[in-house]
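The following dialogue is a tutorial on reading features from atomic coordinates. A learner puts the questions, and a teacher replies.

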Amino acid sequence: MLKGIPEIISPELMKTIMEMGHGDEICFGDVNFPAQSMGKENRVVRADGHTVTDLIDAVLQFFPLDVFVEKPVAVMHPGDSPRPEVWDEFESIIKNRDFSNAYKEFDQVERFAFYERAKKCFAVVATSESAGYSCVILKKGVIFK
């Protein structure tokens, strides 16, 4: 047991985010996201019973977003559908937790391009999030002393 680590972050997820380096990306997929297919070339971390919003809220307490790219947070674009409501939750969490002040706006990625990007991520986190288009990719930055 470690003090100060939110219970929602499993040992496997904490190990994964600690092993990531600057520029590595982690994908948080919703319940419909094909995590196992996307994770054939990388790690799949199970986070069953948890939502993407709760997980990124916990992870972003420790995880610096990359200040050296224009858009360190990518979301799956819904095509012609209206902006997903969950994106408002994402933005609220990110703005509250982004201690590196890297976030300006989402990189809105078309569905199949998002899948290709997810395949290249350091890890894919499979969640039980049921909100539509609630998949998100975070690019890890650095912590300056």
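The turns below proceed from the whole chain to single residues.

Q: What kind of model is this, and how many helices and strands does the chain have?
A: The model is predicted. Its chain holds 5 helices and 6 strands. Read from the N terminus, the elements follow the order α-β-α-β-α-β-α-β-α-β-β. The radius of gyration is 14 Å, close to the 15 Å that the globule rule gives for 145 residues, so the chain is as compact as a globular protein of that length.

Q: What are the dimensions of the box that the C-alpha atoms fill?
A: Taken along the principal axes, the box is roughly 45 × 30 × 25 Å.

Q: How should one read burial and the accessible surface for the chain as a whole?
A: A residue counts as buried when its relative accessible area is under 20%. By that criterion, 49% of the 145 residues in the chain are buried. The accessible surface amounts to about 7,800 Å², and carbon and sulfur atoms contribute 49% of that area.

Q: What share of the contacts joins residues 24 or more positions apart?
A: Among contacts in the chain with a separation of 6 or more, residues 24 or more positions apart account for 86%.

Q: How many charged side chains are there, and how far apart do the centres of the two sets lie?
A: There are 17 positive and 23 negative side chains in the chain, and the centres of these two sets are 6 Å apart.

Q: Which residues of helix α5 are buried, and where do they point?
A: One lists the buried residues first and then looks at their directions around the helix axis. In α5, residues 111–119, the buried ones are Phe114, Tyr115, Arg117 and Ala118. Viewed down the axis of α5, they fall within an arc of 165 degrees, so they line one face of the helix. These buried residues pack against β1, α2 (35–38), β3 (73–77), β4 (107–110), β5 (123–127) and β6 (136–139).

Q: Is methionine 20 buried or exposed, and which residues does it touch?
A: Methionine 20 is buried, because its relative accessibility is 5%, and buried means under 20%. The residue sits in the loop between α1 (11–19) and β1 (25–29). Leaving aside residues up to four places away in sequence, methionine 20 touches Glu25, Ile26, Phe63, Phe122 and Lys140. With phenylalanine 122 the sequence distance is 102 residues, while the C-alpha atoms are 7.0 Å apart in space.

Q: Is glycine 49 buried or exposed, and where does it lie?
A: Glycine 49 has 65% relative accessibility and therefore counts as exposed, the cut-off being over 50%. Its place is the loop between β2 (43–47) and α3 (52–59). The C-alpha atoms of glycine 49 and glutamate 129 are separated by 8.1 Å, although their positions lie 80 residues apart along the chain.

Q: What is the sign of phi in asparagine 101 and in tyrosine 133?
A: For each residue, one reads the angle together with its location and accessibility. Asparagine 101, a residue other than glycine, has a positive phi near 55 degrees. This asparagine 101 lies in the loop between α4 (86–97) and β4 and is exposed, with a relative accessible area of 59%. Tyrosine 133, likewise a residue other than glycine, has a positive phi near 50 degrees. Tyrosine 133 belongs to the loop between β5 and β6, and at 31% relative accessibility it counts as partly exposed.

Notes: Residues numbered from 1 in each chain as written. Predicted model: local features only at pLDDT ≥ 70, side-chain atom pairs only at ≥ 80, totals over all residues. Heavy atoms only, no water. Helix = DSSP H or I, 4+ residues; strand = E, 2+ residues; numbered from the N terminus. Rg over C-alpha atoms; globule rule 2.2 N^0.38 Å. Buried < 20%, exposed > 50% of the residue type's maximum accessible area, 1.4 Å probe, protein only. Contact = heavy atoms within 4.5 Å. Areas by Shrake-Rupley, 256 points an atom, 1.4 Å probe, with all protein chains shown as cover. Lys, Arg positive; Asp, Glu negative; His and termini not counted. Charge placed at Lys NZ, Arg CZ, Asp CG, Glu CD. Arc of directions from axis to C-beta.
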